[in-house]
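Welcome! Please open the model and turn it around slowly before reading on.

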Amino acid sequence: MNVGISLTQISGEKFMDLEKGMVNIQVTTNINIQKMVQSEGMLDFNFLFTVNYNPAIASLHIKGSAKVTGDEKELGEIKRAFDEKKNLPPMILQTISNIGFLEGIIMSRSLNIPPPIPL
């Protein structure tokens with residue numbers, strides 16, 4: 001199985017500056033699979049990777065698609081699992097999250113906000 005990521009939109013917005021003494025900042029990330037399209041020899045998962053901060057100092061959004069190629073049997077199993085339970089194999093989720101975190105770190109540096117690094 002091969003997973004390729006293609007980004008279609010990257011956006012970030014800073015709502016307020018960090019104040020001195022602001023230490024309890026919570027960062028939450030979420031991956032939402034919006035749509036799956038099957039074509040010959042490939043599954044295409046459109047996703048939205050979001051990063052939210054509490055208190056609401058900023059918000060980051062990364063949209064893209066994960067193109068999964070492999071043999072027909074393996075793709076059929078992935079499609080079946082997604083159709084039934086909306087589950088993706090760890091390899092696909094890991095690839096999406098790796099790209100999301102990398103882009104999020106770059107955006108956070110530009111916006112001067114804490115990076116969305118999971119602890």
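This report walks through the fold, the paired side chains, the surface and a few unusual backbone spots.

**The overall layout**

Keep in mind that this is a predicted model. What is the protein built from? Its secondary structure comes to two helices and four strands. Reading from the N terminus, you meet the elements in the order β-β-β-β-α-α. The C-alpha atoms fill a box of roughly 55 × 25 × 20 Å when the box is taken along the principal axes. The protein has 119 residues, and buried ones make up 30% of them.

**Aromatic pairs**

Now look for ring-bearing side chains. How many aromatic pairs are there? The count comes to two. In one of these pairs, Phe 45 meets Phe 82 edge-to-face, with 5.3 Å from centre to centre and 75° between the planes. Phe 45 belongs to strand β3 and Phe 82 to helix α1, so this pair ties together parts that are 37 residues apart in sequence. Are these two rings buried or exposed? Both Phe 45 and Phe 82 are buried.

Phe 49 and Phe 101 also form an edge-to-face pair, with their centres 5.3 Å apart and 80° between the planes. Phe 49 sits in strand β3, while Phe 101 sits in helix α2, which covers residues 90-111; the pair therefore ties together parts that are 52 residues apart in sequence. Phe 49 is buried, and Phe 101 is buried too. To see both contacts, start from strand β3: Phe 45 lies there and pairs with a residue in helix α1, and Phe 49 lies there and pairs with a residue in helix α2.

**Salt bridges**

Next come the charged side chains. Side chains of opposite charge can pair when their charged atoms come close. The structure holds three salt bridges, and the table lists them.

| Salt bridge | Closest N and O atoms |
|---|---|
| Lys 14 with Asp 17 | 2.9 Å |
| Lys 67 with Asp 44 | 3.1 Å |
| Asp 83 with Lys 79 | 2.6 Å |

Let us take them in turn. In the bridge between Lys 14 and Asp 17, Lys 14 is partly exposed with a relative accessible area of 28%. Its partner Asp 17 counts as exposed, because its relative accessibility is 54% and the exposed class begins over 50%.

Now turn to the bridge between Lys 67 and Asp 44, where the closest N and O atoms are 3.1 Å apart. Lys 67 lies in strand β4 and Asp 44 in strand β3, residues 42-54, so this pair ties together parts that are 23 residues apart in sequence. Which side of the bridge is buried? Asp 44 counts as buried, at 15% relative accessibility, whereas Lys 67 counts as partly exposed at 32%.

The bridge between Asp 83 and Lys 79 can be found within helix α1, where the two residues are four apart and separated by about one helical turn. Asp 83 counts as partly exposed at 40% relative accessibility. Lys 79 counts as partly exposed as well, at 23%.

**A negative patch**

Some charged residues gather on the surface. Which residues form the negative surface patch? They are Glu 40, Asp 71, Glu 72 and Glu 77. One of them, Asp 71, is placed in the loop between β4 (58-69) and α1 (72-85). Asp 71 is partly exposed, with a relative accessible area of 46%.

**Unusual backbone spots**

Finally, follow the backbone itself. Most residues other than glycine have a negative phi, and most peptide bonds are trans. Where does this model depart from that pattern? The peptide bond from Asn 54 to Pro 55 is cis, with omega near 5°. Pro 55 lies in the loop between β3 and β4.

Lys 86 is not a glycine, yet it has a positive phi of about 60°. You will find Lys 86 in the loop between α1 and α2, and it is exposed, with a relative accessible area of 57%. Asn 112, also not a glycine, has a positive phi of about 60°. Asn 112 is in the segment after α2 and counts as exposed at 58% relative accessibility.

Conventions:
Residues numbered from 1 in each chain as written. Predicted model: local features only at pLDDT ≥ 70, side-chain atom pairs only at ≥ 80, totals over all residues. Heavy atoms only, no water. Patch = residues over 30% accessible without salt bridge, like charges linked within 9 Å, V, L, I, M, F, W, Y side chains within 5 Å. Areas by Shrake-Rupley, 256 points an atom, 1.4 Å probe, with all protein chains shown as cover. Salt bridge = Lys/Arg side-chain N within 4 Å of Asp/Glu carboxyl O. Lys, Arg positive; Asp, Glu negative; His and termini not counted. Charge placed at Lys NZ, Arg CZ, Asp CG, Glu CD. Buried < 20%, exposed > 50% of the residue type's maximum accessible area, 1.4 Å probe, protein only. Phe/Tyr/Trp six-rings, centres within 6.5 Å; stacked < 30°, edge-to-face > 60°.
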